[in-house]
Amino acid sequence: MAQEDLKNSTVELPLAPVPAVAEEKTVSQVPEKKPDESKSLAIVDKAPDSEKKKISGGSLDRDVALAGVESEKRLSYIKAWEESEKAKAENKAQRKLSDVTAWENSKKASVEAKLKKMEEQLERKKAEYAEKMKNKVALIHKQAEEKRAMVEAKRAEEFLKAEETGVKYRATNTTPKKSFGCF
């Protein structure tokens, strides 16, 4: 609660005469908690009244007031400059981040297009290869049919030869010289 009061309150510089000895005042700053809260407060401890020396003169009060105004003006310029620099840095970072995002998106799109093109090529090659395999299967089937036909023709030929030989043996009333090979 005390720190909130310190943060929200402002220190007003006195318009009273300033003591001649600089060692009589102790200045301490309250540390900042966040960089955004750039209000630094100065706590001025006053020296005991017995050691104060009275200086008379209105010009001194005016000079002190003008010095305080100049100090406040300088501090406000510094704060404005600091905020401006922070805003510039933030804008620059945002631009760079958007550039990186745009670069990333374009590279992703390029890679995805290449991937799609390769997939299409692979699909085309797969289809061609499947067609070649189907043609090979058809050729093998054709060759198998030809071989079956040859085997059937040879079997029919051997049947006819066996029948002719059987008829010849029956006509001559002789027995074959070769015995049955399967028995």
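Is Arg155 buried, exposed or partly exposed? Select Arg155 and take a look: with a relative accessible area of 43%, Arg155 is partly exposed. Keep in mind as you go that this is a predicted model. The tour follows salt bridges, of which the structure holds five; here are some of them.

**Stop one: Glu152 and Arg155**

Keep Arg155 selected and add Glu152. Their side chains form a salt bridge, with 2.8 Å from N to O. Both belong to helix H2, where they sit three residues apart, a separation of about one helical turn. Glu152 is partly exposed too, at a relative accessible area of 42%.

**Stop two: Glu104 and Lys108**

Next, select Glu104 and Lys108 and show their side chains. You will find a salt bridge here, with an N to O distance of 3.5 Å. This pair also lies in helix H2, with four residues, or about one turn of the helix, from one to the other. Colour by accessibility if you like: Lys108 has a relative accessible area of 45%, which makes it partly exposed, and Glu104 counts as partly exposed at 36%.

**Stop three: Glu82 and Lys86**

Finally, move to Glu82 and Lys86. Helix H2, which covers residues 58-172, holds both of them, four residues apart and so about one turn of the helix. Their side chains meet in a salt bridge at 3.5 Å, N to O. Glu82 is partly exposed, with 28% relative accessible area, and Lys86 is partly exposed at 32%.

Key. Residues are numbered from 1 along each chain as its sequence is written. This is a predicted model: local features need pLDDT of at least 70, side-chain atom pairs count only at pLDDT 80 or more; totals for chains, interfaces and linings use all residues. Side-chain values use heavy atoms; hydrogens and water are left out. A salt bridge is a side-chain nitrogen of Lys or Arg within 4 Å of a carboxyl oxygen of Asp or Glu. Helices (H or I, at least four residues) and strands (E, at least two) are DSSP runs, numbered from the N terminus. Buried means under 20% relative accessible area, exposed over 50%, partly exposed in between (1.4 Å probe, protein chains only).
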